Amino acid sequence: MKKILLKDYHSNMGIFIDVNSNDNHVVSNSVHIPYEKLLINHSELLDKSKKYYLYCNGGIKSKKAVNILEFYGYDVTLIVKN
């Protein structure tokens, strides 16, 4: 699993996806796709030719999502706060 720090992410690297629930969406300038919706609809929402960077406040949902999406062949990286 690839990881980077939140402070090291730049928009030219790929698409930033915030997987927090609707109540916890806090990252501006990100694509907000709640965890459950992303996993159910990944084939409709994502393109395997693009790079994605996943984030959530606690890190648990984004880490699970990265593992699952990697299994399906997506280029995903986990973003961690520290």
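## Close-up views of a predicted model

**View 1. Lys-48 and its contacts from elsewhere in the chain.** Setting aside the residues within four places of it in sequence, Lys-48 is in contact with Tyr-72, Gly-73 and Tyr-74. As you look at this view, keep in mind that the model is a predicted one. Lys-48 belongs to the loop between α1 and β4. How far is Lys-48 from Val-76, C-alpha to C-alpha? The separation is 9.6 Å, although these two residues are 28 residues apart along the chain.

**View 2. The open sheet and its five strands.** Five strands make up an open sheet, and their order across it is β1-β5-β4-β2-β3. The pairing is parallel. Which strands sit at the edges? They are β1, residues 2–5, and β3, residues 31–32, and each of them pairs on one side only. Try tracing the order across the sheet for yourself, starting from β1 and moving on to β5.

**View 3. Strand β2 and its two partners.** Strand β2 covers residues 15–18, and four bridges join it to the parallel strand β4, residues 51–55. β2 also pairs with β3 in the parallel sense, this time over two bridges. Asp-18 is a good residue to find here: it stands opposite Tyr-55 in β4, and it also stands opposite His-32 in β3. Now look for Phe-16, which stands opposite Tyr-53 in β4.

**View 4. Thr-77, a residue of strand β5.** Thr-77 is found in strand β5. Is Thr-77 buried or exposed? Its relative accessible area is 5%, so Thr-77 counts as buried, since buried means under 20%. Which residues does Thr-77 touch, if those up to four places away in sequence are not counted? They are Lys-2, Lys-3, Ile-4, Tyr-52, Tyr-53, Leu-54 and Val-66. You have already met one of these contacts, Tyr-53, as the residue of β4 that Phe-16 stands opposite.

**View 5. Helix α2 lying across the sheet strands.** Helix α2, made of residues 60–71, lies across β1, β4 and β5. What angle does the helix make with β5, residues 75–80? Helix α2 runs at about 165° to that strand. Ile-60 is found in this helix. With a relative accessible area of 58%, Ile-60 is exposed, because exposed means over 50%. Ile-60 and Leu-39 are 21 residues apart in sequence, and their C-alpha atoms are 14 Å apart in space.

**View 6. A nonpolar patch on the surface.** Ile-68, Phe-71 and Tyr-72 together make a nonpolar surface patch of about 340 Å². Ile-68 is found in helix α2. The relative accessibility of Ile-68 is 32%, so this residue counts as partly exposed. Tyr-72 links this picture to the opening view, where it is one of the contacts of Lys-48.

**View 7. The salt bridge between Lys-2 and Asp-75.** How many salt bridges does the model have? The count comes to three. In one of them, the side chains of Lys-2 and Asp-75 meet at 2.4 Å, N to O. This pair links distant parts of the chain, with Lys-2 in strand β1 and Asp-75 in strand β5, 73 residues apart. Both partners are partly exposed: Lys-2 has 42% relative accessibility, and Asp-75 has a relative accessible area of 25%. Lys-2 may look familiar, as it is among the residues that Thr-77 touches.

**View 8. The salt bridge between Glu-36 and Lys-61.** The side chains of Glu-36 and Lys-61 meet in a salt bridge at 3.8 Å, N to O. Why does this pair tie together separate parts of the sequence? Glu-36 lies in helix α1, residues 35–45, while Lys-61 lies in helix α2, so the pair ties together parts that are 25 residues apart in sequence. Glu-36, at 43% relative accessibility, counts as partly exposed. Lys-61, at 32%, counts as partly exposed too.

**View 9. The salt bridge between Lys-7 and Asp-8.** Here the side chains of Lys-7 and Asp-8 meet, with 3.4 Å from N to O. Are these partners exposed or partly exposed? Lys-7 counts as exposed, at 64% relative accessibility, whereas Asp-8 is partly exposed, with a relative accessible area of 37%.

Terms used. Residues numbered from 1 in each chain as written. Predicted model: local features only at pLDDT ≥ 70, side-chain atom pairs only at ≥ 80, totals over all residues. Heavy atoms only, no water. Pairing = 2+ DSSP bridges. Contact = heavy atoms within 4.5 Å. Axes fitted to C-alpha atoms, helices over the stretch in contact; angles between N-to-C directions. Patch = residues over 30% accessible without salt bridge, like charges linked within 9 Å, V, L, I, M, F, W, Y side chains within 5 Å. Areas by Shrake-Rupley, 256 points an atom, 1.4 Å probe, with all protein chains shown as cover. Salt bridge = Lys/Arg side-chain N within 4 Å of Asp/Glu carboxyl O. Buried < 20%, exposed > 50% of the residue type's maximum accessible area, 1.4 Å probe, protein only.
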